[in-house]
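Open the model in a viewer and keep the sequence panel visible. The stops below go from the whole chain to one helix.

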Amino acid sequence: MDNKTTKTITSLGIIAVSLGIAYAPLPGGNQTLYVVSGTELQEPLAVLEQRFEETHSNINIEFKFQGSQELVNRYLDEKNDFKPTILIPANGVLLNELSVRWQAQNTSEAFYDNPQPIAKTLLVGIAWPERGQVLFPDGRFQWLRLENAMKKRNWQEIGGNPNWGSFDFVTTDPNRSNSGQLTLSLWTQSNSGGATLSPTNFNSSETQSLFSLVKRSVYQPPRSTDTLLQEFIARGPNEADVATVYESIALYRWEQVAQTQSKPYQIYYFNPTIETVSTAAIVRRDVNSQQVKAARKFLQFLTAPEQQKTFVQYGFRPVIGGIDLQSVSGSPWTKGIPGAKTDPNLKTLAPPNSEVIGEIQRMWNRVQ
């Protein structure tokens with residue numbers, strides 16, 4: 001090989017190496033974020049993941065879905081086989097609980113930034129239409145009538161068709177799911193005369209009797225709200241009559257039930273109700289500065305108007321202003337879903353604080 005050929009090969013090699021350096025990803029440039037979310041966001045996040053990665057090719061989003069309380073517990077107890085970057089439980093109060101429990105065990109803050117609202121919804125009731133008319137003849141959900149039906153245990157005893165058989169109420173496991181906690185919170189508050197709940201409310205024999213009734217009635221409660229609703233739809237009347245779920249899931253799954261059952265369910269709003277806000281936080285443990293930058297971009301993306309409209313399409317209410325629920329293309333509020341209201345004009349309560357949630361779980365675990 002002559003000197004000219006050798007020089008040419010060497011030059012080409014230098015050029016190739018130079019190009020490789022120029023176009024290779026910079027250190028820390030490609031990031032994988034593990035986002036752990038409540039199951040209620042699973043459908044819209046699947047759509048938004050693809051949209052985000054199309055415009056952020058160096059950021060890979062890996063979603064994991066768990067019940068919201070389970071999400072907190074598994075993170076604190078290090079029970080995951082991956083390292084979470086972002087946590088999005090259905091209720092921002094659960095992040096407050098996580099922060100308090102974290103700081104009791106560590107000297108550092110749990111999160112990099114203040115938790116950020118992503119989407120919001122309400123807790124609602126659903127029932128099959130004919131049964132709802134018997135249980136709530138004036139069209140208004142009433143906890144006392146639900147409780148009485150559970151005590152009587154069958155439809156014939158409460159004026160329903162004897163062929164309907166037993167009365168079946170379903171809610172999620174309050175040890176694992178936010179909606180189960182909210183259900184028992186509202187129910188306890190109603191039985192306590194409407195006063196704001198505190199840990200002392202759970203010392204009464206009436207509250208203990210209520211929890212015992214619900215626990216005996218709800219066999220193997222699901223770990224998450226979306227799982228509950230899919231089971232409710234699959235089981236249909238005669239196996240599931242009334243349930244408490246998020247408005248978002250009830251609206252989104254409505255077309256599915258209209259196709260699989262002879263009649264779709266009716267939505268009932270609680271008054272007062274609880275607004276629950278899916279809230280995101282970037283955790284500090286095992287998360288480096290490059291991942292933090294990528295995570296901030298993802299959260300900024302989720303709260304932009306176009307993505308907030310996607311959440312509306314899945315039945316959520318936006319966390320930013322300027323979005324009309326009925327003007328969004330594909331909005332479930334334009335589909336004539338029985339009972340659905342854009343402005344139900346309800347008294348909205350704050351979610352139960354961490355102390356009350358703790359009492360709900362202790363009472364649930366204690367009663368038979």
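Select the whole chain: of its 368 residues, 49% are buried, meaning under 20% relative accessible area with a 1.4 Å probe, protein chains only. This is a predicted model, in which local features need pLDDT of at least 70 and side-chain atom pairs pLDDT 80 or more, while totals for chains, interfaces and linings use all residues. Residues are numbered from 1 along each chain as its sequence is written, and side-chain values use heavy atoms, without hydrogens or water.

Stay with the whole chain and switch to cartoon. The chain has 14 helices and 9 strands, taken as DSSP runs (H or I, at least four residues; E, at least two) numbered from the N terminus. Along the principal axes, its C-alpha atoms fill a box of roughly 105 × 50 × 40 Å.

Next, select Leu146, Phe167 and Tyr265. These have the most contacts inside the largest nonpolar core, which has 63 residues; such a core is a set of buried Ala, Val, Leu, Ile, Met, Phe, Trp, Tyr and Cys residues joined through side-chain atoms within 4.5 Å. Add strand E4 (residues 116-127), which supplies the largest share of this core, 5 residues. Then pick Val35, Ala110, Ala280 and Leu302, which belong to a second, separate core of 44 residues.

Finally, select helix H12 (residues 289-302). Which residues of H12 are buried? They are Gln291, Val292, Ala294, Ala295, Phe298, Leu299, Phe301 and Leu302. Show Asn288 as sticks: a side-chain oxygen of Asn288 lies 3.1 Å from the backbone nitrogen of Gln290, capping the N-terminal end of H12.

Notes: Buried means under 20% relative accessible area, exposed over 50%, partly exposed in between (1.4 Å probe, protein chains only). A polar contact is a pair of N or O atoms within 3.5 Å; within protein, one must be able to donate a hydrogen and the other to accept it, and residues adjacent in sequence count only if both atoms are side-chain atoms.
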